[in-house]
Amino acid sequence: MTTGRLSKALQLTLAVIKPDAIAHPLMSEALHQTILDNNFAIVRCKDLVWRKQDSERFYAEHSDRFFYQRLVEFMSSGPMRAYILAREDAIRHWRDLMGPTKVFQARYTSPASIRARFGLTDTRNTTHGSDSIESALREIHFFFPDFNVEQWIEKEEPFFRSGHIRYDDEDQIHKPLSLS
């Protein structure tokens, strides 16, 4: 068994750049670069537009909350970008990078965070990220139904963990060197 950097398996998380940010090409480029600058490997990336029903299904757990309808409408209002990100403790790192959900709070407690820098309101707060391993698995499957987490862990994760990857500018993802 190798020690140090190679000993801890990488964790996957879902990251979503919401319609308010994708509507501004320079902002979406800056957010993509922020992901790269913060040592996340981009495993998958895709642009998509949700129908209202998609948004309702994804946010079903919040259906009794006061913000539910506003969130559903917003998330189906235009294009967004979904990522599967990998790194050690990816969920925690992505959530720290996003900052607090409430933009006003983010500006005071985490001024360098994504939401403090780019967020407009608590709904239009630029990003979404999984809050647990269970959520990450469920959300990755929701956005990337053809992605097999177990297969990725078995076949690709060791390449990502050891740094044997390259960034593909055209596809905007990292690819294992032996599988490229």
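The legends below describe close-up views of a predicted model.

**View 1. The largest pocket and its lining in the predicted model.** The largest pocket has a volume of about 740 Å³, and 28 residues line it, with Tyr 59, His 62, Phe 67, Leu 71 and His 128 lying nearest its centre. By residue type, the lining divides into eight nonpolar, eight polar and twelve charged residues. At least two lining residues are supplied by each of α3 (52–58), α4, α5, β4 (127–129) and α8, and the largest share, four residues, comes from α8.

**View 2. Residues that carry the "binding site" feature in UniProt.** According to the unreviewed UniProt entry, the feature "binding site" is placed at Lys 18, Phe 67, Arg 95, Thr 101, Arg 115 and Asn 125. Of these residues, Lys 18, Phe 67, Arg 95, Thr 101, Arg 115 and Asn 125 are included in the lining of the largest pocket.

**View 3. Surroundings of Thr 101, in the loop between α5 and α6.** Thr 101 is found in the loop that runs between α5 (90–98) and α6 (103–109). With a relative accessible area of 44%, Thr 101 counts as partly exposed, because this value falls between the limits of 20% and 50%. When residues up to four places away in sequence are not counted, Thr 101 touches Arg 115, Asp 122 and Asn 125.

**View 4. Surroundings of Arg 115, in helix α7.** Arg 115 has its place in helix α7, which comprises residues 114–118. The relative accessible area of Arg 115 is 6%, and Arg 115 is therefore classed as buried, the cut-off being under 20%. Leaving aside neighbours within four places in sequence, Arg 115 is in contact with Met 98, Gly 99, Pro 100, Thr 101, Val 103, Ala 106, Asn 125, Thr 127 and His 128.

**View 5. The largest nonpolar core and the contacts of Phe 147.** The largest nonpolar core has 27 residues, and those with the most contacts inside it are Leu 12, Val 43, Trp 50, Met 75, Phe 143 and Phe 147. Each of β1 (11–17), β2 (41–48), α4 (68–75), β3 (80–87), α8 (133–143) and α9 (149–155) supplies at least two residues of this core, while the largest share, five residues, comes from α4. Phe 147 touches Leu 12, Val 43, Arg 44, Ile 84, Ile 140 and Trp 152, not counting residues up to four places away in sequence. A second, separate core has 18 residues, among them Ala 21, Ile 22, Met 27 and Leu 31.

Terms used
Residues are numbered from 1 along each chain as its sequence is written. This is a predicted model: local features need pLDDT of at least 70, side-chain atom pairs count only at pLDDT 80 or more; totals for chains, interfaces and linings use all residues. Side-chain values use heavy atoms; hydrogens and water are left out. UniProt positions are given in the numbering used here, feature names are shortened, and annotations may be inferred rather than shown by experiment. On a 1 Å grid over the protein atoms alone, a cavity is a set of points where a 1.4 Å probe fits but cannot get out, and a pocket is an open set with protein on both sides within 12 Å along at least five of seven lines; lining residues have an atom within 4 Å of a point. Buried means under 20% relative accessible area, exposed over 50%, partly exposed in between (1.4 Å probe, protein chains only). Contact means heavy atoms within 4.5 Å. A nonpolar core is a set of buried Ala, Val, Leu, Ile, Met, Phe, Trp, Tyr and Cys residues joined through side-chain atoms within 4.5 Å. Grid points are joined across faces, edges and corners, and a volume is the space filled by probe spheres set on the points. Ala, Val, Leu, Ile, Met, Phe, Trp, Tyr, Cys and Pro count as nonpolar, Asp, Glu, Lys and Arg as charged, and the others, Gly among them, as polar.
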